[in-house]
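Let's take a walk through a protein fold, one feature at a time. Have the chain open in your viewer and follow along.

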Amino acid sequence: MLHYTIADVQLTYYPDGVVEDCNYLMAVCDQAFEINPDCKSDIYVCDYSTYETLVDIDPNSGAIEDLTAYDMGCNWYYSWDEVITEPGSYYYYIPAGYFLVNGEANAEYYGYFTIKEAVKETLDLTTNPADGASVATLSTVVLSYDGMDVSYNENNDVTAKIMSGLDTVAEGTPELVTTGEYTTVKITFPEVSTPGDYVVFIPEGYCIIGEQYTTYANTMVWNTITVTGAVEADLQGLTLDPAPGEVAILNGQIAVSAEEGTLTYDNSVGNPTLSVGGEEVDVCESVGVMGDVIYLYFEERWSAPGTYTLNIPAGYFLVDGTALGAITCDYIITEKNYSIEANPAAGLTYAADDLEAVEITVNCSTEVGFFNGFSHNYITITKTTADVTAEIVAKIEDSSLLNAEGIVEDANGLIKGCSINLGQYATEIGTYNVIIPAGFFFTEGWECEETTLTYYITTATGISSILGDSKSSYRVVNMQGMEVLRSANADALKSLAPGFYIINGKKVLVR
């Protein structure tokens, strides 16, 4: 009989996070503790993608060093000879009752760590605004790299700065932003609006550029940016809708009319454009005329926060036959207070049958609607396997979401998102991306940006596939070797708490 109780004792386990390699486990406590001689369960270290056991640590293994005399608590340490060096994700399992602290036992614990290749070289980042750009004010800089995720180095003690000469004008705070399929780093500074030339300084190694488990550092960024200062645009007697200034979205069209006289246009002088940080991002390819109003139609819809500058060439517009001069004005799209969430959560590993009802919701204060027909009004699902790269396997239109796939409501009956059956499309082991286009979800005044949810499908077996076995009776053992169920039926299996089990001799992940 075991003479202890399970409690949430304060043990801290290592390794944790990103490491270069691993050949040890360690448990630390601020007070003395001991290995429980009655514990009969093993500690496991496993590959997270395959669930293969790499290290099996017998009960009562390892050594404890008591440092309480030096006010340093106590630590348990166990090491093995074959160092884990292969880049990837790993987890380790500490069974309940392996340690005792003042007679109370630890609860079971799953620890996770990632091994990445050492930084091999530095790469040049793309910056927005770009070197040499002119902006009305300077408060954000976005760092990206084509085809790879970019994150900031949390262990760095260096700072991104805006400088005037040798003087630091502002220091920046980084955050991760998902843009399309990849993450970027957005650095926010106190706004600089005084006209002049400034340097944006990003130290080498400030960012981590990574593709799976291979990482690189950024080369130093030393960009000269000209701040012109916020100046009210001279529209030369024209009215624009939406009006320049803060807007929730640029939806692909701008209506232009003259306060007096007859307005015409001449596109032989060039086409109006939109630019961000001095770089052209969109162009007016077509024009519509309805009564006294001329509509400028752009190729894209813009909802990402930033300053978008409309540039209209000199001579493009004429009032009563007289050409107007060049017109430049800014549209400022501000941050939106929302987040897109998924349940089951993205970024983790699942069996396909665990994803039969993925709820995608918009966390905001109002009801949301579905994108309804401008363009790209569907969620795209792609898969990447050992043999296939980013193949589209499904396009789910909003009409099907409202019917077969289903909508998600909150406790007050407000529509908050949709539910899709990702499992039916995840027919092979691989990586599946659920791509929600910009504007697919919308509410009054704004639309959501493009979001990608990534799911990893492995050989891990879920309950549904176990139920497909020919046997009608199941024996269930937990990871401590204790029998949980004997001669159980399918309904009993479905009532199991989340975790790993051995069911009829097969390792199963229950979620």
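## Ground rules

Helices (H or I, at least four residues) and strands (E, at least two) are DSSP runs, numbered from the N terminus. Residue numbers start from 1 along each chain as its sequence is written, and this is a predicted model, where local features need pLDDT of at least 70, side-chain atom pairs count only at pLDDT 80 or more, and totals for chains, interfaces and linings use all residues. Side-chain values use heavy atoms, with hydrogens and water left out.

## Two cis prolines

Let's begin with the backbone. Pro129 is in the loop between β15 (126–128) and β16 (134–135), and the peptide bond that leads from Asn128 to Pro129 is cis, with omega near 5 degrees.

Pro242 sits in the loop between β27 (238–241) and β28 (245–247). Here Asp241 and Pro242 are joined by a cis peptide bond, with omega about 10 degrees.

## Two asparagines with positive phi

Some loop residues deserve a look too. Asn60 is not a glycine, yet its phi is positive, about 65 degrees. You'll find Asn60 in the loop between β7 (53–57) and β8 (63–66). As for how covered these residues are, buried means under 20% relative accessible area, exposed over 50%, and partly exposed in between (1.4 Å probe, protein chains only). Asn60 comes out at 39%, so it counts as partly exposed.

Asn102 is another non-glycine with a positive phi, about 55 degrees. Its place is in the loop between β11 (99–101) and β12 (104–105). With 64% relative accessibility, Asn102 counts as exposed.

## Strand β31 and its partners

Now for some strands. In a regular strand the side chains alternate between the two faces of the sheet. You can spot this in strand β31 (residues 273–276): Thr273 and Ser275 point one way, Leu274 and Val276 point the other way, and all are buried.

Which strands does β31 pair with? Two strands pair if DSSP finds at least two bridges between them. β31 runs antiparallel to strand β32 (residues 279–290), with four bridges joining them, and it also pairs in the antiparallel sense with β34 (residues 306–312) over three bridges. Thr273 stands opposite Val283 in β32 and opposite Asn311 in β34. β31 and β32 form a hairpin with two residues between them, and Gly277 in the turn has a positive phi of about 65 degrees.

## Strand β49 and its partners

Six of the seven residues of strand β49 (residues 451–457) are buried, so this strand is mostly covered. β49 pairs with strand β39 (residues 349–350) in the parallel sense over two bridges, where Tyr350 has Ile457 as its bridge partner. Strand β46 (residues 430–436) runs antiparallel to β49, joined by seven bridges. One of the matched pairs there is Asn433 with Thr454 of β49.

Asn433 also turns up around Thr380, a residue of strand β42 (residues 378–384). Not counting residues up to four places away in sequence, Thr380 touches Ile392, Ala394, Lys395, Asn433, Val434 and Ile435, where contact means heavy atoms within 4.5 Å. Thr380 has 12% relative accessibility and counts as buried.

## Salt bridges

How many salt bridges does the structure hold? There are three, a salt bridge being a side-chain nitrogen of Lys or Arg within 4 Å of a carboxyl oxygen of Asp or Glu. One of them joins Lys383 and Glu391, with the closest N and O atoms 3.7 Å apart. Lys383 is buried at 7% relative accessible area, whereas Glu391 is partly exposed at 35%.

Glu483 bridges to Arg475 (2.7 Å, N to O) and to Arg486, where the closest N and O atoms are 3.2 Å apart. Arg475, Glu483 and Arg486 are thus linked in a network of salt bridges. Glu483 is partly exposed at 35%, Arg475 is partly exposed at 44%, and Arg486 is exposed at 59%.
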